[in-house]
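Colleague: Can you walk me through this one? Short answers, please.

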There are 2 protein chains.
Amino acid sequence: MTTLPDPVETAAKPRTRDAEATKARILDAAKKEFAKSGMGGARVDVIAEKAKANKRMIYHYFGSKEGLFQTVLENAYVDIRTAEQKLNLDHLEPRDALERLVRFTWAYYLRNPEFITLVNSENLHRAKHLKKSEVVKVYSRKFVSMMDDILSRGVAAGVFRAGIDPVQLNITVAAIGYYYLTNRFTGSIMFERDLMAKDALEERLRFNIDTIMRLVAA
Amino acid sequence: MTTLPDPVETAAKPRTRDAEATKARILDAAKKEFAKSGMGGARVDVIAEKAKANKRMIYHYFGSKEGLFQTVLENAYVDIRTAEQKLNLDHLEPRDALERLVRFTWAYYLRNPEFITLVNSENLHRAKHLKKSEVVKVYSRKFVSMMDDILSRGVAAGVFRAGIDPVQLNITVAAIGYYYLTNRFTGSIMFERDLMAKDALEERLRFNIDTIMRLVAA
DNA sequence: TAAGAAAGTAACCAGTTAGTGCGTTAGGTG
DNA sequence: CACCTAACGCACTAACTGGTTACTTTCTTA
């Protein structure tokens with residue numbers, strides 16, 4: 001050995017303790033791993049490594065792999081529902097509000113591809129983790145009433161037809177974006193085109209807005 | 001010992017050898033297991049047991065777990081595409097043909113829930129198995145041209161508007177059924193209603209037909 | 001009918017994997 | 001500053017899991 005490394009720069013850091021930061025790093029790594037491999041396929045050791053945390057910490061903070069998955073899933077739902085509420089659609093003209101929601105949903109899926117995979121994984125497990133979550137139900141009610149409000153205002157303004165079920169419409173808005181993106185790999189093969197190319201994505205968004213607008217038009 | 005059992009009825013079956021039947025039993029069991037747990041979560045031992053076959057036979061006939069999955073997946077795609085071709089939509093009035101396709105797609109997903117889960121699993125793996133399949137591409141081309149034909153005839157008859165991309169329409173027809181069913185567990189919690197109840201399913205089908213008809217109407 | 005190919009079986013193996021026991025260390029508090 | 005709680009880390013294990021080895025049994029055919 002020749003020179004001792006500068007302790008300030010390369011010392012094996014005394015690693016200041018920070019429970020919240022460690023938790024956050026674990027959740028972030030877990031979200032990525034669960035999204036990449038699903039709840040069953042994700043490896044706890046890999047999550048610990050990517051989080052630069054010890055595996056023991058995962059069990060300390062989240063109890064089990066399933067506990068960790070449940071927290072990740074719950075956070076994901078809270079995140080999208082919170083973002084939706086921030087759109088302030090009630091200040092917009094009904095048609096603009098609806099178009100904005102379609103655009104937001106599409107953009108959210110594109111920017112948060114983990115969301116889709118987490119939801120798929122949860123449905124493979126028959127929603128056993130989500131069932132335990134009370135928060136999600138509260139947020140979902142707000143989500144439905146938001147659409148209900150847009151529809152009512154649209155009908156009153158004479159721009160939407162009456163009798164549309166907000167739940168069915170919500171499902172449809174999600175479906176036309178979600179399906180395209182979750183099945184982008186098999187879809188690109190079947191239709192022999194790159195569904196993720198920039199112009200393909202733009203075309204799909206236009207098509208989706210069109211689909212929803214024609215569906216609700218008076 | 002008193003009486004010898006009737007060999008025809010109760011003999012500890014000499015287990016007549018039948019490669020095709022064994023293969024078929026393995027494929028059937030594999031489809032169910034892969035659908036229930038995904039490609040990663042399914043267990044080869046469980047498949048062998050359910051197929052009443054020896055695990056060694058799986059490796060003999062299909063090489064590996066992935067080889068087995070690929071065959072199951074390929075069969076699933078061929079099955080739905082074949083059933084679609086049998087609909088004979090080219091003899092129907094365009095609007096009837098399209099409605100029939102929407103109804104068929106919905107009914108197929110309902111009667112073959114494994115299909116959806118297999119496709120989801122394949123997309124989690126970025127379609128690495130489907131990429132190797134040449135058959136699927138051939139069938140898919142026929143699928144697209146079928147929709148193309150319906151659209152052209154509809155435009156010519158003045159009942160559909162022009163300029164609709166058959167691929168986008170195909171994706172949308174699949175999406176509005178597929179999403180509802182694959183996310184039926186989380187959906188039932190979020191919307192606080194049983195999405196699989198008989199009347200809920202009927203309502204969704206009606207809504208979907210309506211969505212597609214309004215989308216293509218002139 | 002002898003022989004060999006194909007179908008079928010049981011036991012086994014090496015590598016993983018979720019989960020733990022137990023000891024160490026940082027840092028806030030009395 | 002002594003003490004104690006909570007953060008952190010290492011090394012281990014019991015159960016599993018995809019895949020294989022070595023073998024027996026059945027059927028076909030020359």
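Colleague: What does G63(A) do just after α4(A)?
Modeller: G63(A) takes a positive phi of about 80 degrees there. Helices here are DSSP runs (H or I, at least four residues), numbered from the N terminus.

Colleague: And which residue caps the N-terminal end of α4?
Modeller: N54(A) does, for the helix at residues 55-62 of chain A. A side-chain oxygen of N54(A) lies 2.9 Å from the backbone nitrogen of R56(A).

Colleague: Where do these values come from?
Modeller: The model is predicted, so local features need pLDDT of at least 70 and side-chain atom pairs count only at pLDDT 80 or more, while totals for chains, interfaces and linings use all residues. Residues are numbered from 1 along each chain, chains are lettered from A, and side-chain values use heavy atoms, without hydrogens and water.

Colleague: New topic. How many residues of each chain are in contact?
Modeller: 56 residues of chain A are in contact with 56 residues of chain B. Contact means heavy atoms within 4.5 Å.

Colleague: Which helix of chain A gives the most to that side?
Modeller: α9(A), with 13 residues. By class, the side of chain A that touches chain B has 27 nonpolar, 13 polar and 16 charged residues. Asp, Glu, Lys and Arg count as charged; Ala, Val, Leu, Ile, Met, Phe, Trp, Tyr, Cys and Pro as nonpolar; the others, Gly among them, as polar.

Colleague: How many salt bridges cross the interface?
Modeller: The rule finds six between chain A and chain B. It asks for a side-chain nitrogen of Lys or Arg within 4 Å of a carboxyl oxygen of Asp or Glu. One pair is R141(A) with E192(B), whose closest N and O atoms are 2.8 Å apart.

Colleague: How many in the whole structure?
Modeller: 30 over all chains. In the R141(A) pair, R141(A) sits in helix α8 of chain A, and E192(B) in the loop between α10 and α11 of chain B.

Colleague: Back to α9(A). At what angle does α6(A) cross it?
Modeller: Roughly 35 degrees, and the axes come within 10 Å. Axes are lines fitted to C-alpha atoms over the stretch in contact, with angles from 0 to 180 degrees between N-to-C directions.

Colleague: Which classes make up that contact?
Modeller: Twelve nonpolar residues, three polar and no charged. Among them are W106(A) in α6(A) and Y178(A) in α9(A).

Definitions and conventions: Helix = DSSP H or I, 4+ residues; strand = E, 2+ residues; numbered from the N terminus. Polar contact = N/O pair within 3.5 Å; in protein donor to acceptor, adjacent residues only side chain to side chain.
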